[in-house]
Amino acid sequence: MEQGSYSVGLDIGTTKIVAIIGRENEYGKIEVLGIGRSKSLGVHRGVVNNITQTIKSIQQAVEEAEANSGLKIGSVVVGIAGQHIRSLQHSDYITRSDSEEVINEDDLDQLCNQVYKLVMLPGEEIIHVLPQEYKVDGQAEIKQPIGMYGGRLEANFHVVVGQVSSIKNVGRCIKSAGLDLGNITLEPLASSDAVLSQEEKEAGVALIDIGGGTTDLAIFKDGIIRHTAVIPFGGGVITEDIKEGCSIIEKQAELLKIKFGSAWPGENRDNEIVSIPGLRGREPKEITLKNLSKIIHARVVEIIEQVYVEIKNYGHEEQKKKLIAGIVLTGGGSQLKHLKQLVEYITGMDTRIGYPNEHLAGDSEEAIASPLYATAVGLLMNALKNQYKEKLTSQNVENEEEMAYAGHEPETVGGTKVKKERKSVFDKWSEKLKDFLDNAE
């Protein structure tokens, strides 16, 4: 199978690295051809802190995915997260030179590019500029201004900012692992593609992706992303607390959390005890499940409350901004017993667990439809979308060249030329990053 017919998503997490190969079947669903995962060494709270170990882990995951699918991995789409990610709201406008002409994509490009010139803190760079609503000559709440007349074009933007060095380190790891960087996407956006439905995005929903090192939040309303945040706590700190509180090693703490852990302490009776083998012939330790769930509960409440502060910052309590579809939990941390009930109790919002199975083909393995793989599936979807766009662009270019060769003008609609698929500002930014990495040999 040639590289063109399949794509690859690579999720570089704090606890695991997942490479997932897939293609779109004739029904528009994603067929997973191979998956590889490895323990993530060298990533702390979503940020690479040891390049050599991260490269090794990436290579391991990629080799496993290649072995499972019998395919060769070339270019990958990668997710970016970490506590350095922050977002802000910004509004900007341009005055058009000729208000007699209709607004076109070039005007939107000009407006977006203007936002990219915002002065950031030292070492920070804008990752995504996401338009919310537009205003044309004072007329508000316009979702798509192309084709309208107007002299002044305004827009509100959701701007996502990250540290340049962290982003470049991820790119460096990909390159050193012998792969090409296809694109970089914010991880909460990738997860939301995989687990949220369009109806939920319209009604208003908060996606909480609880990973090993970070908890990512993305809020949608009226089909548009309104707020993103990365909280520097995840399942890892819960394991750490169990390790400290019960004086056991990390491996045992992780197993305890997965097998017996619960976010609701009232569940367990005092006489329920689990025995853990001692190290090197030492006495076994006895731990009551009530104590275990108390430790977990305390830390989970802290994580949820931090997320809830972000949801309030967005303005969920205002009638107009209410999130009708409530909360969707995903990521490995969302599999903790009774977490859904606890989130509902703290926030008073409807909650469900998000599985990335909606977009997967019917015969996919059950394991892949787990919340663990939500980000990886979202990145694969992003990779397939990019591939489709590139195909369209190259077809448009070929058509234009053929027409020019035959002496025809390219097609026009209503007097304006049909444009090639335009590059988003973020694609241009990715290209800039790729150039930088190529020159930094």
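In this predicted model, the side chains of glutamate 133 and arginine 226 come together in a salt bridge, with an N to O distance of 3.2 Å. Glutamate 133 belongs to strand S8 (residues 124–136) and arginine 226 to strand S14 (residues 224–231), so the pair ties together parts that are 93 residues apart in sequence. Arginine 226 has a relative accessibility of 10% and therefore counts as buried, the limit for that class being under 20%. The pair also takes part in a network of salt bridges that links Glu133, Asp222 and Arg226. Across the structure, 16 salt bridges are found.

Two further salt bridges sit within single helices. In helix H7, glutamate 254 pairs with lysine 257, their closest N and O atoms being 3.6 Å apart; the two residues are 3 apart in that helix, about one turn. The partners fall into separate accessibility classes: glutamate 254 is partly exposed, at a relative accessible area of 30%, whereas lysine 257 is buried, at 11%. In helix H9 (residues 339–347), lysine 340 and glutamate 344 are 4 residues apart, again about one turn of the helix, and their side chains form a salt bridge at 3.4 Å, N to O. Here lysine 340 is partly exposed, with 31% relative accessibility, and glutamate 344 is partly exposed as well, with 27%.

Helix H7 (residues 250–260) also contains glutamate 250, a partly exposed residue at 46% relative accessibility. Beyond its neighbours within four places in sequence, glutamate 250 contacts Thr239, Glu240 and Lys243. For one of these, glutamate 240, the C-alpha atom lies 7.1 Å from that of glutamate 250, with the two positions 10 residues apart along the chain counted as their separation.

Turning to the chain as a whole, the secondary structure amounts to 11 helices and 20 strands. Of the 441 residues, 49% are buried. The exposed area is about 21,700 Å², and carbon and sulfur atoms contribute 48% of it. Among contacts between residues at least 6 apart in sequence, 67% join residues at least 24 apart.

Helix H4 (residues 187–195) is a clear case of burial: 9 of its 9 residues are buried, so the helix is largely enclosed by the rest of the structure. Its buried residues include Glu187, Pro188, Leu189 and Asp193. Glu187 appears again in the lining of the largest cavity, alongside residues including Ile12, Val43, His84 and Ser166.

The model holds 2 cavities of 30 Å³ or more. The largest encloses about 80 Å³ of space. Strand S5 (47–48), strand S6 (75–80) and helix H3 (164–176) each provide at least two of its lining residues. By character, the lining of this largest cavity comprises 7 nonpolar, 4 polar and 1 charged residues.

The second largest cavity holds about 40 Å³. Strand S12 (205–210) and helix H8 (289–314) are the elements that give two or more residues to its lining, and H8 gives the most, with 3 residues. The second largest cavity is lined by Ile208, Ile210, Ile303, Ile304, Val307, Leu329 and Val343. This lining divides into 7 nonpolar residues, with no polar and no charged ones.

Definitions and conventions: Residues are numbered from 1 along each chain as its sequence is written. This is a predicted model: local features need pLDDT of at least 70, side-chain atom pairs count only at pLDDT 80 or more; totals for chains, interfaces and linings use all residues. Side-chain values use heavy atoms; hydrogens and water are left out. Buried means under 20% relative accessible area, exposed over 50%, partly exposed in between (1.4 Å probe, protein chains only). Contact means heavy atoms within 4.5 Å. Accessible areas come from the Shrake-Rupley method with a 1.4 Å probe; for residues, only the protein chains shown count as cover. On a 1 Å grid over the protein atoms alone, a cavity is a set of points where a 1.4 Å probe fits but cannot get out, and a pocket is an open set with protein on both sides within 12 Å along at least five of seven lines; lining residues have an atom within 4 Å of a point. Grid points are joined across faces, edges and corners, and a volume is the space filled by probe spheres set on the points. Ala, Val, Leu, Ile, Met, Phe, Trp, Tyr, Cys and Pro count as nonpolar, Asp, Glu, Lys and Arg as charged, and the others, Gly among them, as polar. A salt bridge is a side-chain nitrogen of Lys or Arg within 4 Å of a carboxyl oxygen of Asp or Glu.
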